[in-house]
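Visitor: I have a structure here and would like to know what lies behind the labels people put on it. Could you walk me through the reasoning?

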Amino acid sequence: MAERLVRQQRDDSGLKETVVAVNRVSKVVKGGKRFSLNALVVIGDRAGKVGCGVGKAKEVQVAIKKGSAYASKHMVSVQLKGSTIPHEVIGISGAGKVLLKPAAPGTGVIACEAVRAVLEAVGIKDILTKSIRSSNSFNVVYATIEALKELRSREEVAKIREKEAEDI
């Protein structure tokens with residue numbers, strides 16, 4: 001039984017926390033089944049940093065707290081260009097594959113629930129997305145973060161190619 005839950009909250013440090021999914025999982029033991037819950041949490045500062053984490057516990061609140069702690073420790077920086085991304089990029093994680101395309105100002109975030117949580121936590125306001133292979137929230141979130149890690153600014157590409165930014 002997968003319970004879909006999107007909850008947003010701001011904590012003391014100014015980070016936006018979003019719970020993307022809460023799932024009940026079970027372990028079969030000698031005396032029967034032991035149930036626990038896992039929570040997928042996305043956390044970001046709306047200014048170019050985002051992280052995601054999974055917490056597992058017997059109670060929902062404890063699982064969310066564990067996921068949030070992991071996400072805040074493993075945040076990554078993202079290159080932004082205004083309110084969108086600098087170029088088109090594809091991210092893959094497991095069976096999840098996500099395409100991100102920059103969009104004109106005023107377009108908004110065109111994305112599914114899991115991708116939207118990540119993009120809003122980063123601070124992207126105009127983008128087009130397509131989740132291609134998997135609809136699993138966990139794989140889609142991880143694929144989105146992998147895509148965002150691959151973004152490069154014009155200056156970074158010029159430095160790698162040992163050219164001027166205007167030549168690219």
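Visitor: Let me start with helix α1. How do you know that the span of residues 60-73 agrees with that of a helix?

Guide: Gladly, and please keep in mind that this is a predicted model. Helix α1 has 14 residues, and at 1.5 Å a residue they should span 20 Å. The end C-alpha atoms of α1 are 20 Å apart, so the value agrees with the expectation.

Visitor: Which residues of α1 are buried, and what makes you say that they line one face?

Guide: The buried ones are A63, I64, G67, S68 and A71. Looking down the axis of α1, you find its buried residues within an arc of 135 degrees, so they line one face of the helix. The general background is that an α-helix has 3.6 residues a turn, so residues three or four places apart point the same way.

Visitor: Which exposed residues does the other face of α1 carry?

Guide: Turned away from the buried side are Q61, K65 and K73, which are exposed.

Visitor: On to the cysteines. How do you know that C52 and C112 are not bonded to each other?

Guide: A disulfide calls for two cysteine sulfur atoms within 2.5 Å. The closest cysteine sulfur to that of C52 belongs to C112 and is 14 Å away, which is too far for a bond. C112 is likewise in no disulfide, and a search of the whole structure gives zero of them.

Visitor: Is C52 called buried or exposed, and what about C112?

Guide: Buried means under 20% relative accessible area. C52 has 9%, so C52 is buried. For C112 the value is 36%; that falls between the 20% and 50% cut-offs, so C112 counts as partly exposed.

Visitor: What makes β2 and β3 a pair of strands?

Guide: To count as paired, two strands need at least two bridges between them. Strand β2 (residues 16-29) and strand β3 (residues 32-44) have 13 bridges, in the antiparallel sense, and V28 stands opposite K33 in β3. A hairpin of two residues joins β2 to β3.

Visitor: What does β3 do on the way to β4?

Guide: β3 and β4 form a hairpin too, with four residues between them, and R46 in the turn has a positive phi of about 60 degrees. The pairing of β3 with strand β4 (residues 49-57) is antiparallel over eight bridges, and in it V42 has C52 as its bridge partner.

Visitor: How many bridges link β4 to β5?

Guide: Two bridges, again antiparallel, with β5 covering residues 76-77. The cut-off is at least two, so β4 and β5 still count as a pair. One of the bridges matches K49 with S77 in β5.

Visitor: There is also an open sheet of four strands. Why are β6 and β8 said to stand at the edges?

Guide: The order of that sheet is β6-β7-β9-β8, with mixed pairing. β6 (89-93) and β8 (109-110) each have a single partner strand, so one side of each is left without a neighbour in the sheet. β6 pairs with strand β7 (residues 96-102) in the antiparallel sense over five bridges, and I92 stands opposite K97 in β7.

Visitor: Which helices pack on this sheet?

Guide: Helix α2 (residues 113-122) touches β7, β8 and β9 (127-131), and its direction makes about 145 degrees with that of β9. Helix α3 (residues 137-149) touches β6, β7 and β9, at about 135 degrees to the direction of β6.

Visitor: Why is A121 in α2 called buried?

Guide: The relative accessible area of A121 is 0%, which is under the 20% cut-off, so A121 is buried. Among the residues A121 touches are V42, I43, R46 and V50.

Visitor: And what makes V122, also placed in helix α2, a buried residue?

Guide: V122 has 0% relative accessibility and therefore counts as buried. The contacts of V122 include R46, V78, L80 and L148. Its C-alpha atom is separated by 9.9 Å from that of Q79, 43 residues apart along the chain.

Visitor: Lastly, is N38 in β3 buried or exposed?

Guide: At 13% relative accessible area, N38 is under 20% and so is buried. N38 is in contact with residues including A21, V54 and F138.

How values were computed
Residues numbered from 1 in each chain as written. Predicted model: local features only at pLDDT ≥ 70, side-chain atom pairs only at ≥ 80, totals over all residues. Heavy atoms only, no water. Expected span 1.5 Å × (residues − 1). Buried < 20%, exposed > 50% of the residue type's maximum accessible area, 1.4 Å probe, protein only. Arc of directions from axis to C-beta. Contact = heavy atoms within 4.5 Å. Axes fitted to C-alpha atoms, helices over the stretch in contact; angles between N-to-C directions.
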